[in-house]
Amino acid sequence: MSGLPILAALGALMVALPVAAQPSERSFTSPVPAGLAKGAVRAGMDYAAFRRTLLAAGWQAKADPDCVQNVYGGDGTRKPGQSNICRELPEIEACSGDGYCVANFTYAATRRLIRVTSYGDYGLWQRKGLSVLGWEQK
């Protein structure tokens with residue numbers, strides 16, 4: 001199953017974070033993403049605003065062909081009325097059942113990849129239901 005390494009990585013992130021910390025306190029960041037001024041994005045900000053800022057600066061959502069299986073599991077069946085987050089946010093790589101999601105963006109000018117970790121209800125991402133915990137660049 002292609003989703004197992006991703007879910008293991010999400011689990012490792014959760015194990016490395018203090019149990020008593022609230023999700024907003026579980027932040028980490030690497031250098032400011034290319035094309036952005038210092039302070040343009042920060043851990044704890046709303047994912048929708050973070051995403052808009054990256055896209056406006058020339059970053060592109062990196063679609064994951066296994067998103068549906070990685071987010072919804074098994075055969076990718078969603079519950080009735082559940083949004084298709086993979087269509088809405090093609091950059092989503094995987095989400096855990098307890099609110100952690102990983103998304104990827106690329107920057108063509110430098111061929112960089114940014115891997116963003118968020119926490120919250122991905123179904124409410126447009127209504128401030130999903131917050132950025134941090135990112136790492138590769």
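I looked up the torsion about the S-S bond of cysteine 95 and cysteine 101 and found about 110°, so I noted this disulfide as right-handed. I was working in a predicted model throughout. The sulfur atoms of cysteine 95 and cysteine 101 lie 2.1 Å apart, which falls within the 2.5 Å that I needed for calling the pair a disulfide.

I then asked myself whether cysteine 95 is buried or exposed. Its relative accessibility is 4%, so I entered cysteine 95 as buried, because the cut-off for that word is under 20% relative accessible area. For cysteine 101 I wrote down a relative accessible area of 1%, and this residue is buried as well.

Next I turned to the pair formed by cysteine 67 and cysteine 86, where a disulfide joins the two residues with an S to S distance of 2.0 Å. I noted that this pair links distant parts of the chain, since cysteine 67 sits in helix H3 (residues 67-72) and cysteine 86 in helix H4 (residues 85-88), with the two positions 19 residues apart in numbering. The torsion about the S-S bond of cysteine 67 and cysteine 86 is about -80°, so I recorded this disulfide as left-handed. I also checked burial here, and both cysteine 67 and cysteine 86 are buried.

Finally I asked how many disulfides the count comes to. The count comes to 2 disulfides, and, with the bonded cysteines counted along the chain, I wrote their pattern as 1-2, 3-4.

Notes:
Residues numbered from 1 in each chain as written. Predicted model: local features only at pLDDT ≥ 70, side-chain atom pairs only at ≥ 80, totals over all residues. Heavy atoms only, no water. Helix = DSSP H or I, 4+ residues; strand = E, 2+ residues; numbered from the N terminus. Buried < 20%, exposed > 50% of the residue type's maximum accessible area, 1.4 Å probe, protein only.
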